[in-house]
Amino acid sequence: WNLGLTGAWSVSEVFALGFGSRYFRLEDPAAPMGMVTGSAGATLHRGRYALGLAANDVGGRVAGLHGVWRAPTSWVAGAQCAGADRAWTLGAGLVGGPGSPNRVSFGVTVRPVPWMELLGGYALPAAPAGSGSSWGCGLSFVPSRAAFAYAVQSAPPAGLTHQFGLTWALPPR
């Protein structure tokens with residue numbers, strides 16, 4: 001399991017920065033292990049379009065009774081386009097990391113009403129193939145500055161994983 005805390009700041013109308021940290025815990029009955037990772041990213045927004053770069057879960061490694069557990073470090077480069085009415089957003093990205101194959105990912109967000117989002121995504125390995133594809137779907141409720149999200153994702157080799165999110169947006173200055 002893991003628990004994270006992130007923050008994002010709009011530096012200007014078109015540029016934003018984000019930072020985060022997560023605590024990962026591996027519940028090995030003989031010797032539980034934990035580690036802290038850090039993440040950072042930036043986005044550039046122009047109208048309905050956005051570009052982003054991020055380094056996620058940068059960290060070290062922890063040695064345990066059954067070997068070494070490394071942080072799930074990855075990098076992401078992506079782009080997105082929102083519909084003219086903002087009722088939908090399409091995105092695509094390239095994800096990679098040390099010791100893991102690069103993946104191409106695609107996602108869609110549909111907003112049938114202003115306070116709800118339907119989420120879907122699919123990722124497939126880039127060359128060389130071998131790790132299999134994965135998918136995810138979810139639902140997000142955004143009634144005010146608070147938001148709650150739930151998603152399920154196929155995550156080989158772990159199988160299905162469940163993700164819960166709680167967001168609280170601070171009031172603008």
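**A hairpin within an open antiparallel sheet**

Strands β9 and β10 form a hairpin, with 2 residues between them. The structure described here is a predicted model. In the hairpin, β9 covers residues 100–113 and β10 covers residues 116–125, and the two strands run antiparallel, joined by 9 bridges. One position along this pairing is marked by R103, which stands opposite P125 in β10. A salt bridge is also formed by R111 and E117, whose closest N and O atoms are 3.2 Å apart. R111 is classed as partly exposed because its relative accessible area is 25%.

On its other side, β10 is joined to strand β11 (residues 134–141) by 8 bridges, again in an antiparallel arrangement. Here G120 stands opposite C137 in β11.

These strands belong to a wider arrangement. An open sheet is formed by 11 strands in the order β1-β2-β3-β4-β7-β8-β9-β10-β11-β12-β13, with antiparallel pairing. The edges are occupied by β1 (2–10) and β13; each has a single partner strand, so one side of each lacks a neighbour in the sheet. Averaged over the sheet, and with direction ignored, neighbouring strands are turned by 15° against each other. Within the order, strand β7 (residues 74–82) and strand β8 (residues 88–97) run antiparallel and are joined by 8 bridges. V76 has V95 in β8 as its bridge partner.

The next topic is charged contacts. The model contains 3 salt bridges. One of them joins the side chains of R22 and D57, with an N to O distance of 2.4 Å. This pair links distant parts of the chain, since R22 lies in strand β2 (residues 15–26) and D57 in strand β4 (residues 49–58), 35 residues apart. The two partners can be described by their accessibility. D57 counts as buried because its relative accessibility is 5%, under the 20% limit for that class. R22, at 29% relative accessibility, counts as partly exposed. Another salt bridge is that of E27 with R25, in which the closest N and O atoms are 3.2 Å apart. E27 has 46% relative accessibility and therefore counts as partly exposed; R25, at 24%, is likewise partly exposed.

Attention now turns to the nonpolar surface. W115, F141, F148, Y150, F164 and L166 form a nonpolar patch there, and together they have about 680 Å² of accessible area. Strands β12 (146–155) and β13 (159–168) each supply at least two residues of this patch. F148 lies in β12 and is partly exposed, with a relative accessible area of 40%.

Aromatic contacts involve two members of the patch. The structure holds 4 aromatic pairs. In one of them, the rings of Y150 and F164 have centres 5.2 Å apart and planes at 50°, so this pair is tilted. Because Y150 lies in strand β12 and F164 in strand β13, the pair ties together parts that are 14 residues apart in sequence. Y150 counts as partly exposed because its relative accessibility is 31%. F164 has a relative accessible area of 63% and is therefore exposed, the cut-off for that class being over 50%.

Methods: Residues numbered from 1 in each chain as written. Predicted model: local features only at pLDDT ≥ 70, side-chain atom pairs only at ≥ 80, totals over all residues. Heavy atoms only, no water. Patch = residues over 30% accessible without salt bridge, like charges linked within 9 Å, V, L, I, M, F, W, Y side chains within 5 Å. Areas by Shrake-Rupley, 256 points an atom, 1.4 Å probe, with all protein chains shown as cover. Salt bridge = Lys/Arg side-chain N within 4 Å of Asp/Glu carboxyl O. Helix = DSSP H or I, 4+ residues; strand = E, 2+ residues; numbered from the N terminus. Buried < 20%, exposed > 50% of the residue type's maximum accessible area, 1.4 Å probe, protein only. Phe/Tyr/Trp six-rings, centres within 6.5 Å; stacked < 30°, edge-to-face > 60°. Pairing = 2+ DSSP bridges. Axes fitted to C-alpha atoms, helices over the stretch in contact; angles between N-to-C directions.
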